[in-house]
Amino acid sequence: MFEKVIDEANEYVYLSTETFTDPDFSVFLIKTAVNKNLDLRIICGILSMDFTDRVNEMIREMLAQGIKIKKPRK
């Protein structure tokens with residue numbers, strides 16, 4: 001469902017999620033944002049108890065492609 005909504009966006013996508021653990025979804029976000037020149041902004045937790053290395057790598061890749069990521073303040 002998220003992929004369909006994001007794929008239909010033309011200018012921007014603002015997304016809020018607890019964390020990212022699915023590498024396929026982060027690849028989809030990067031490709032869609034770059035190919036469509038979308039302003040993609042994400043609010044998410046950047047820590048994961050089980051997938052720390054995977055989450056860190058995905059976030060680094062998204063930041064490198066110009067996707068803006070913020071973490072909630074505690």
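**Exercise 1.** Does Arg41 count as buried, partly exposed or exposed, and what is its relative accessibility? Then find its salt-bridge partner.

*Solution.* The model is predicted. Step 1: Arg41 has 38% relative accessibility. Step 2: buried means under 20% and exposed means over 50%, with partly exposed in between. Arg41 therefore counts as partly exposed. Step 3: the side chain of Arg41 forms a salt bridge with that of Asp39, at 3.0 Å from N to O. Step 4: Asp39 is partly exposed too, with a relative accessible area of 22%.

**Exercise 2.** How many salt bridges are there? Work through the one that involves Lys4.

*Solution.* Step 1: the count is two salt bridges. Step 2: Lys4 pairs with Glu8 through their side chains, at 2.6 Å from N to O. Step 3: look at the helix. Lys4 and Glu8 are four residues apart in helix H1 (residues 2-8), so about one helical turn separates them. Step 4: Lys4 is exposed, at a relative accessible area of 54%.

**Exercise 3.** How many aromatic pairs are there? Classify each by its ring planes.

*Solution.* Step 1: the count is two aromatic pairs. Step 2: Tyr12 and Tyr14 have ring centres 5.0 Å apart and planes at 40°. This pair is tilted. Step 3: Phe25 and Phe28 lie 6.1 Å apart, centre to centre, with 25° between the planes. Planes under 30 degrees apart count as stacked, so this pair is stacked. Step 4: Phe25 and Phe28 are three residues apart in helix H2 (residues 23-36), about one helical turn. Step 5: check exposure. Both Phe25 and Phe28 are buried, whereas Tyr14 is exposed at 52% relative accessibility.

How values were computed: Residues numbered from 1 in each chain as written. Predicted model: local features only at pLDDT ≥ 70, side-chain atom pairs only at ≥ 80, totals over all residues. Heavy atoms only, no water. Salt bridge = Lys/Arg side-chain N within 4 Å of Asp/Glu carboxyl O. Helix = DSSP H or I, 4+ residues; strand = E, 2+ residues; numbered from the N terminus. Buried < 20%, exposed > 50% of the residue type's maximum accessible area, 1.4 Å probe, protein only. Phe/Tyr/Trp six-rings, centres within 6.5 Å; stacked < 30°, edge-to-face > 60°.
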